[in-house]
Each structure stands twice: as C-alpha cells, then as structure tokens.
Amino acid sequence: MEIFAQNKQHSNMIYMQNLYKILTFLALFLCVGSAFAQKATLKGKMIDGKSKEALIGATVFVVVQGENTVGAVSDFDGNYEMAEIPAGTFKLVASYVGYASDTTEMTFADGQALTKDFELGEEVTVLQGVLIVGKASRSTTAALTMIQQKSPSLVTGITNQEIQRSPDRSTADVLKRVSGTSVQDNKFVVIRGLADRYNIATVNGLVLPSTEPDRRAFSFDLIPSALLSNLLIYKTATPELPGEFAGGVITVNTRETPDEPFVSLSINAGYNTQSTFKAYDYYPTGKTDWLGYDNETRALPEGVTKAGLENNATRFEQSKKFANDWKIANQGNLPPTWGFQLAAGTQTKLFKKELGMIGALTYNNTQRILDVSRGDYEVTKQRVFDYNDQQIRKNITVGSMLNFALRLSPNSKISWNNLLSSNGSDEYVFRSGRENDQSRLINAYSMFYNATRLFTSQLLGEHAIGEKGTKLNWSLGTNDIDRNTPSLRRITYLKNEDQLESDPYSAFVPFGTPSPNFAGRFYSNQGETSQTANLKLTIPYGKKAEDEDKQSNFKLGAFAEIKDREFDARVFGYTVTSTRDFNFDILNTPVSTIFDPKNIGQQGFTIRESTNPNDSYTAGSDLSGGFLMLDHYLSEKFRVIFGARVENFVQKLDANTFGGTPINFAKTTTDVLPSLNLSYALTKQSNLRFAVSQTVCRPNFRELAPFTFYDFNLAATIDGNPDLVRTKVTNFDLKYELFPTPSESVSLTAFYKDFKDPIEAFYEALGGGGRNFSFKNAPTAQNFGLELEVRYKLNRLGSALENSAVFSNLAWINSNLDVSNDPLASVNGDSRPLQGQSPYIINLGFSYATPKNDLNATLLFNRIGRRIWLVGSNGYRDTYENPRNVLDFQVTKKILKNKGELKFNAQDILNNNAIFYQDQDNSESYDEAEDTVIQNILYGANYSLTFTYRFSR
C-alpha cells in the first residue's frame with residue numbers, strides 16, 4: 001500500500017520534471033536563431049523545362065575556386081535550399097541524370113537570402129564529385145509516393161501535408177484515413193480487419209509500450225497530429241521490422257529539424273451541435289485538471305489502511321478521511337472546444353557543426369455531452385435492463401516535442417528526439433432506467449478520471465563508413481508510461497416499479513460485505529518502463545549502381561528490449577454500520593450529501609476495504625535477437641529481399657488468484673521468423689510485388705494477469721487468463737502499384753493470413769444479469785481481402801479541374817475463425833469473423849487548391865462495414881457495430897501575405913448514430929424491428945475555426 005502512494009508521487013514528480021525540462025528547452029531556443037551571424041542562403045525549385053513537373057533528387061552546387069564546396073538536393077516537390085554560402089561571385093551548377101546541366105553566375109553577400117529556379121532540358125549528362133548537403137522532406141505527398149515505390153515492404157501512410165488538409169487533431173483521427181485502417185473507440189487501430197492487439201506501434205522506429213491496463217494497444221489520441229512529419233504503416237514483414245504483428249507496424253515519425261528559423265502559433269475553437277453551450281451537471285474537480293493530470297485532489301487519503309478500517313476503535317476516523325467529493329451541481333453551459341499550438345525551429349552551430357532544433361507545444365481541451373442508450377438481453381431475447389446515460393466527457397491533451405539533429409560531417413548525423421504527452425480524461429455519467437429482471441427502477445452515478453502520461457526519449461545515429469557506402473544505424477530509447485485512476489466513484493439508487501412516482505430512490509448500500517460496484521471507490525496506478533537498443537549495419541555489394549536506390553545490400557542487426565510493469569489497485573466499499581442503529585432515511589438523501597462526514601458513524605455508514613490478492617501484479621519481459629537480410633537486385637527490374645529474424649522472448653508475471661494462491665511464471669520462447677519479398681518493375685512507374693512471412697502475436701501482461709475490474713459503462717467485469725499462448729501467423733501478399741507522377745499513385749493488393757491459436761476477448765452471460773470478459777485462444781483463423789488505393793489529379797479531365805484531385809482507399813476483407821470445438825462458442829455457428837474485423841472500409845476524398853495554393857478545400861467521406869464489437873459465448877450472441885457514414889469538410893485560406901492562415905473544419909457532419917446490436921435474425925445487417933440494441937450513441941457534429949501565423953525572417 002505504501003508502494004501505491006510512492007508510485008503515484010514518483011510518477012507525478014517525474015512528469016513535472018520532464019515537462020519542466022522540455023518547456024525550458026523550448027523557451028531557450030525560441031530566441032537562438034537571430035543570435036548567430038549567417039552566410040548567404042539560396043533556395044528555389046528544379047523542374048522539367050518541358051512538362052513543368054518537379055524534378056526529385058536534382059542537384060545544385062556552388063563552384064568556388066574550381067571545387068564544389070556546398071550544394072543541395074531537391075526534395076519530393078522539386079524544392080531545394082542551401083546555406084553557408086560564402087560571400088563572393090561564383091558559378092552555380094544545376095544538374096539531373098538524363099538532363100543537360102545549367103550553369104549560371106551569382107553574387108552572394110553575408111546574410112543575404114536569394115531565390116533561383118532552374119528549368120532543365122533533357123540530355124544525358126553524368127556528373128562526378130558532387131557534394132550533396134541537405135535532406136528530402138518526408139512530409140509531402142510526393143515523399144510518401146517515393147517511400148512506397150522504393151520500400152522493400154508493402155507500405156502505406158499519410159503525410160503532414162495531407163494531415164494539414166484534414167480536420168484531424170490526434171494521431172488516432174489521422175489513422176482513419178489510411179488504406180485498410182479503421183479506429184475503435186477513437187484511439188485503437190484496426191488494420192486489415194485485425195484488432196489492435198495484432199498491431200504494433202513505433203515512434204521514429206522504436207517500439208512503444210501499451211498505454212492501456214486492459215488491452216494490448218497504444219492509445220493514439222495521446223499524440224497530437226500537429227507533431228507528425230508522417231505516419232507509415234508497414235503491412236508486410238521484413239527481417240529488419242519487429243516480428244510481433246499481423247496487421248501492421250504503425251510508425252509515427254515526428255517532425256524534423258527545419259532548414260531555416262521559424263516560430264508559428266495556432267489557436268483554435270470548436271462547437272459541437274449537441275454539447276456546446278448546453279447546461280450540464282458535474283462534480284468538483286482538481287485545480288490541475290486543465291493540464292491533463294490530477295494534483296492529488298482525488299488521491300487516496302494518507303494513513304488509510306485495511307486494518308484501520310476493520311478496527312472498531314479507528315474505522316470511523318479513517319472513513320471520515322475520505323472527502324465528500326460526490327457533490328453534483330449545475331455548472332452552467334458547456335464551453336466550446338479550444339486549443340493552441342506553439343512551434344519553433346532553428347539552425348545554428350555547435351562546435352562548428354550544424355545543429356538543428358525543433359520544438360512544439362500543443363494543447364487541446366475537448367468537452368462533450370453524449371446521449372447513450374444501453375440494453376442487454378438474455379439468450380432467450382428477454383430484456384435484462386434498459387438504461388439511458390448522459391455522459392459528460394472532458395478530455396485534455398498536452399503534447400510537447402523537442403528534437404535535435406547534429407550533423408558531425410556530411411556522412412554522419414546524431415539525433416535526439418523527445419516526446420512528452422499527457423492526457424487527462426474525465427467522465428461523469430448519470431444513468432436512469434429500468435432493470436427488467438428485478439422489476440425496479442435505477443438512478444446511478446459514475447465519476448471516472450484517468451490520466452495517462454507518456455515520455456519517450458530517443459538517441460539515434462546515422463553514419464556512412466568508407467567509400468563503398470557502408471552504413472551504420474543505431475538507436476537507444478527509453479519509454480515511461482504512467483496511467484493513474486484516482487478515486488473512481490460509483491453509486492446506485494433503486495426503487496421498485498410498483499412504488500409511487502413521488503417515492504424517493506434509495507441508495508444500494510449493503511450491510512456487512514461491501515459492494516464497491518454499487519457504492520464504492522476504486523484507485524489504481526499502472527507504471528510501465530521500457531528500454532530499447534537497436535543496431536543495424538548495411539553493406540553494399542556487387543557492382544555499384546548509378547541509382548543508389550538500386551544498389552544490392554546485405555543487412556544485419558541486433559536488438560534488445562527490457563520492459564517492466566507494476567500495477568496496483570485498492571478497492572473500497574460503503575456499508576451500513578449496524579442495521580439495529582441505522583437511520584434508514586439516510587439512504588433516501590441525494591448523492592451530493594449521502595456520504596457527508598456527518599453520515600459516517602454508528603447510525604450511518606462506514607468504509608471497508610475489499611481489495612483482493614489479485615488486484616495487484618508485477619510483470620516484465622526481455623526481448624533480444626538479431627536478423628540477417630539480403631536486399632538483392634537480380635536485374636534493373638527484379639528485386640529480392642529475403643532473410644530471417646530470430647526473437648528470444650522471456651515473459652514474467654508475479655500475481656495471485658482471487659483466493660491468494662501465487663501465480664509466478666517465466667515463459668521463454670524462441671521464434672525464427674523468415675520472410676521473402678519480391679519486387680518486379682514492370683515499368684519505371686509501376687511495380688508488381690509478392691511477399692510471404694512468418695510473424696507472431698504474444699499475450700500481453702493484462703491478458704495474462706488474473707486481476708478483476710468492473711467496467712461501469714459495460715456493466716461487466718474483466719479478468720485475465722494466465723494459460724494463454726502466443727499466436728503464430730503466416731502472411732501472403734500480392735500487390736500491383738502504379739505511380740504516374742510523383743504525387744499520384746494507384747495500387748491493388750490481395751492478402752491472406754493464416755492464424756494458429758489467435759487470442760480474443762470474449763463476453764459471457766453469468767446469470768442474474770451478470771456479465772464477464774476474459775481472454776482465450778481459438779484453434780485457427782484465416783483472413784483474406786483486397787485493398788485499392790488511389791491518388792489522382794483531375795487536370796487530365798479538363799481545365800476546369802486543373803487544381804483538383806481525388807484520393808481514396810477501399811478495402812474488402814473476409815475472415816473465418818473456427819469455433820466448432822469451442823464449448824463456449826456463440827450461437828452464430830461453427831465459424832465467425834475475427835473480433836474487430838470489418839468486411840469493408842471506404843475512404844473517399846476530393847481536394848481543390850488555387851494555382852497560388854492560397855486557398856484549399858477538402859471533402860472527406862468514411863464508412864466502415866459492420867464488425868464484431870463483443871464476442872459472445874455460452875449462448876450469448878455476438879455484438880456488432882453498425883456502419884456509420886462520416887462526412888468531413890475543410891477549407892483553408894492564406895492571409896497576411898501568406899504568413900497567416902484561416903482554417904474552417906466541419907467534422908462528422910451527418911452525425912449518424914453509433915449503434916451496437918445483436919443480429920437476432922441473422923440477416924447480417926441491422927434490422928430495427930428484429931435486432932436487439934446493446935448500445936446507441938449520438939456524438940453530435942463538430943465545427944471549428946483555426947488561425948495560424950508563422951513568424952519567420
């Protein structure tokens with residue numbers, strides 16, 4: 001119990017220290033750029049003189065005394081930029097393979113910023129000895145196209161350029177627009193119909209731990225979209241990728257250091273049609289809630305012990321230490337959503353080496369009122385309960401980033417990336433309704449706050465060794481995630497249906513044994529740390545290719561990850577002290593006063609602790625191994641990537657059963673994970689790819705731990721299963737891809753996956769209205785489907801569509817899970833789809849930009865086919881999520897000489913209900929008359945306005 005308090009205090013202290021460090025660094029370098037004298041700078045664009053298309057990878061350099069002293073390479077939009085040009089008059093040479101070079105003379109002065117565009121004509125010219133200093137942006141649509149075309153793996157994604165044109169605020173929102181991807185609960189990713197547990201998340205290539213206490217998943221709403229450079233999803237395995245996935249490896253790349261100093265500020269405000277300016281009730285909150293964490297307002301009082309609450313001499317004294325924080329009062333009207341982002345970057349010198357810095361601080365305050373209808377049914381279709389919930393949700397996300405890049409030489413760079421994010425989620429629920437099986441009416445209250453804090457720090461090195469192009473990449477990383485749930489409060493009031501309407505509801509507070517789910521408090525703290533290390537050596541071999549991207553390479557590497565988790569919970573319930581002396585009128589008092597200290601005593605209530613041995617556990621894992629990979633070009637067109645990855649995994653768990661029996665185990669598995677990727681270039685703009693691989697999906701700590709938790713919203717308990725085994729997955733992919741221009745693409749992919757021992761959560765009826773979640777291995781499953789992705793400019797269709805484009809990703813997916821030998825199988829037959837699997841995903845978009853790019857408009861449509869939300873068992877039916885049509889619109893306008901921007905967003909314009917139902921007539925679609933609704937949610941449409949201003953020299 002002391003550990004519980006120490007962990008919470010320590011996590012708060014670490015959080016504040018990390019926040020202070022990042023904010024201090026951010027404040028320091030906001031003022032750095034102007035303090036250093038600079039030489040001349042030059043920027044411009046490289047284009048084809050005939051087609052006017054951007055030239056990617058063209059070079060431009062300054063000739064000083066006959067030598068190419070400084071230069072740059074054009075990015076995926078054809079833009080180039082170079083700095084550190086000395087004062088004087090020099091020749092400027094622009095060149096590109098297959099084009100005639102262009103030589104001109106320019107005069108430079110210290111501190112001068114010049115612009116020069118080049119239009120190159122076709123002619124084969126080979127240049128020697130060009131020193132290229134610069135980098136290609138990862139944030140443009142053309143950059144993503146190039147990554148897709150050159151990647152050894154099947155990859156899709158979205159760039160910062162596309163993110164800016166969408167209404168997305170968090171990375172979770174961004175992921176909804178990626179091909180074959182959908183999002184559950186607005187934060188958990190489903191790829192190719194595979195639930196979040198089959199995917200793995202990384203930031204800048206390093207694996208992130210799970211943020212959730214009850215599932216193997218990373219909550220992507222923790223990372224604001226404004227911090228992203230791009231987001232990539234690798235859907236096929238190669239030996240250099242983590243081997244623990246089946247759907248995809250989600251790689252979040254944070255923003256890179258800038259080429260010139262800047263400071264930008266964005267401010268936004270939003271309106272929700274069913275929430276904003278509506279009257280609402282709420283309970284007292286902490287003074288630091290607006291920062292995304294609790295300042296111990298809700299903390300467990302010091303000195304409260306189980307023995308003290310059981311002792312007759314001290315139980316009332318200790319019970320009164322709990323504050324009466326149940327007071328519900330009207331708070332006026334719900335304010336609008338609002339937020340801001342401050343970002344800054346600069347380039348300077350450190351020990352005469354180039355040092356780039358970029359930092360950002362984002363803040364989003366979102367408040368919503370949700371209307372939720374809930375129901376449940378026996379296997380006979382008889383209704384168990386009928387609830388109406390009003391949920392008031394307040395969500396605060398604070399994200400900060402600070403990245404450094406030090407170029408030691410033209411061939412060597414070290415980066416230090418830091419990300420700190422805090423998410424405070426507060427939810428008050430008032431529930432009213434009827435419990436049919438008990439013939440009684442209900443009023444219930446829940447006050448649930450949790451704060452999740454993520455700190456990740458990475459040190460990365462990129463080095464070219466020798467003249468043959470050998471490359472060494474290494475990385476060290478640390479992750480620290482803390483999830484704190486202080487004082488989750490629940491209380492239920494009841495009265496019989498035959499009572500008069502004027503009769504009061506009575507609180508359900510038991511005598512003797514407490515019932516915390518109906519009148520109690522819950523405290524928990526989960527802390528997880530991980531340390532990672534990676535080393536990769538890339539050795540070119542064979543004849544040196546003129547195109548570096550077509551050079552054969554041998555790759556080998558090693559990796560290690562150490563992960564530790566501590567979870568501790570304490571559970572308390574209110575009880576009637578003595579039925580002989582008890583004043584029963586107290587049960588009729590409202591929630592705001594029922595647990596006032598004056599009602600704690602011999603004639604009122606006392607608090608008892610019902611923490612069980614299974615309410616805490618510690619766990620850890622050690623992952624180590626290596627890989628060998630050959631990336632070989634059999635010809636200019638035919639590429640083969642093959643090899644194997646070896647992973648040794650040790651998983652440890654120390655816990656207890658409900659009755660106190662120790663559970664201590666350490667399971668060790670070693671997996672050899674081979675993979676083969678074939679790529680054939682049909683033309684310069686098209687590829688045909690084939691991939692086959694073996695991957696695994698291991699049970700996470702929560703799925704193994706026997707900890708039991710009651711979910712108020714689902715009205716069900718959740719517990720783990722220590723007998724789970726890992727899932728083995730065999731993957732096959734076939735893809736055709738076409739890239740007509742650098743910013744256009746068309747691709748069609750067919751895939752098939754075979755699962756052995758897939759892990760799923762199942763939901764069962766226990767009788768008497770009770771429900772329980774747990775986890776199990778199914779025998780086998782198969783998953784197959786098709787994906788179509790298109791990005792296409794409409795200028796070919798006429799001059800009226802000159803600046804318009806369409807983009808879409810469509811997926812059709814089918815899965816089959818064998819439950820013929822499962823005694824707990826649902827009533828749906830011997831097979832069913834995988835949990836979370838959608839039969840189709842539709843994302844469609846249309847964009848328009850003026851020739852000067854000062855006005856942009858985007859229309860987005862999304863629809864996801866029905867999927868299994870909850871797997872049933874023991875005759876209890878599966879619950880499906882009905883499809884919703886989601887329509888978004890955005891328009892942006894540059895103002896103030898293009899330094900300012902106004903952005904209007906309209907999100908979820910159609911505002912369809914989210915319906916979760918049981919398919920009683922087996923029609924495979926929702927039938928309002930026949931099917932039983934488990935949950936029906938109305939979110940409201942969102943409208944927002946954002947103003948951004950960029951300060952630059």
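**Exercise 1. Find how strands S35 and S36 are arranged in this predicted model.**

Step 1. Look at residues 727–738, which make up strand S35, and follow the pairing to S36: the two strands run antiparallel and share 11 bridges.

Step 2. Now look at the connection. A hairpin of 6 residues leads from S35 to S36.

Step 3. Pick one pair to anchor your view. Phe732 has Tyr752 in S36 as its bridge partner.

**Exercise 2. Follow S36 to its pairing with S39, and sort the residues of S36 by face.**

Step 1. Strand S39 covers residues 780–793, and 12 bridges join it to S36 in the antiparallel sense.

Step 2. For a landmark, find Lys756, which stands opposite Thr780 in S39.

Step 3. S36 spans residues 745–756, and its covered face carries Ser745, Ser747, Thr749, Phe751, Lys753 and Phe755. The uncovered face carries Val746, Leu748, Ala750, Tyr752, Asp754 and Lys756.

Step 4. Take Val746 from the uncovered face and look across to Arg791. These two are 45 residues apart in sequence, while their C-alpha atoms are 6.4 Å apart in space.

Step 5. Is Arg791 buried or exposed? Arg791 belongs to strand S39. Its relative accessibility is 6%, so Arg791 counts as buried, the cut-off being under 20%.

**Exercise 3. Map the nonpolar patch on the surface and say which strands supply it.**

Step 1. Select Tyr680, Leu682, Leu688, Phe690, Phe732, Leu734, Tyr736, Leu748, Tyr752, Phe784, Leu786 and Trp812; together these patch residues have about 1,000 Å² of accessible area.

Step 2. Assign the residues to elements. Strand S31 (662–683), strand S32 (686–697), S35, S36 and S39 each give two or more residues to the patch.

Step 3. Which strand gives the largest share? That is S35, with 3 residues.

Step 4. Check one member. Leu734 sits in strand S35, and its relative accessibility is 44%, so Leu734 counts as partly exposed.

Step 5. Link this back to the earlier exercises. Phe732 and Tyr752 are both in the patch, and they are also bridge partners.

**Exercise 4. Trace three salt bridges and decide what each one connects.**

Step 1. Start with Glu240 and Lys555, whose side chains meet in a salt bridge at 3.5 Å, N to O. Glu240 is in the loop between strand S14 (228–234) and strand S15 (248–254), whereas Lys555 is in strand S27 (residues 553–576), so this pair ties together parts 315 residues apart in sequence.

Step 2. Compare how the two partners are covered. Glu240 has a relative accessible area of 23% and is partly exposed, while Lys555, at 12%, counts as buried.

Step 3. Turn to Arg570 and Glu609, which meet in a salt bridge at 3.0 Å, N to O. Arg570 is in strand S27 and Glu609 in strand S28 (residues 605–609), so to speak two distant parts of the chain, 39 residues apart. Both Arg570 and Glu609 are buried.

Step 4. Finish with Asp622 and Lys652, where the closest N and O atoms of the salt bridge are 3.6 Å apart. The pair ties together parts 30 residues apart in sequence, because Asp622 lies in strand S29 (residues 616–633) and Lys652 in strand S30 (residues 638–656).

Step 5. Check the exposure here too. Asp622 is partly exposed, with 28% relative accessible area, and Lys652 is partly exposed as well, with 32%.

Step 6. Put these pairs in context. The structure holds 35 salt bridges, and a network of salt bridges links Glu244, Arg645, Glu647, Asp671, Arg698 and Arg726.

**Exercise 5. Locate the largest nonpolar core and set it against the chain as a whole.**

Step 1. The largest nonpolar core has 36 residues, and Ile491, Val509, Tyr574 and Phe605 touch the most other members.

Step 2. At least two core residues come from each of strand S17 (279–282), strand S23 (440–465), strand S24 (470–496), strand S26 (519–540), S27 and S28. S23 gives the most, with 4 residues.

Step 3. Zoom out. The chain has 7 helices and 50 strands, and 56% of its 953 residues count as buried.

Step 4. Consider the contacts between residues at least 6 apart in sequence: 71% of them join residues at least 24 apart.

Step 5. End at the surface. The accessible surface of the chain is about 38,900 Å², and 55% of it belongs to carbon and sulfur atoms.

Technical notes. Residues are numbered from 1 along each chain as its sequence is written. This is a predicted model: local features need pLDDT of at least 70, side-chain atom pairs count only at pLDDT 80 or more; totals for chains, interfaces and linings use all residues. Side-chain values use heavy atoms; hydrogens and water are left out. Buried means under 20% relative accessible area, exposed over 50%, partly exposed in between (1.4 Å probe, protein chains only). Two strands pair if DSSP finds at least two bridges between them. Patches are made of residues with over 30% relative accessible area and no salt bridge: like charges are joined within 9 Å, nonpolar side chains (Val, Leu, Ile, Met, Phe, Trp, Tyr) within 5 Å. Accessible areas come from the Shrake-Rupley method with a 1.4 Å probe; for residues, only the protein chains shown count as cover. A salt bridge is a side-chain nitrogen of Lys or Arg within 4 Å of a carboxyl oxygen of Asp or Glu. Contact means heavy atoms within 4.5 Å. A nonpolar core is a set of buried Ala, Val, Leu, Ile, Met, Phe, Trp, Tyr and Cys residues joined through side-chain atoms within 4.5 Å.
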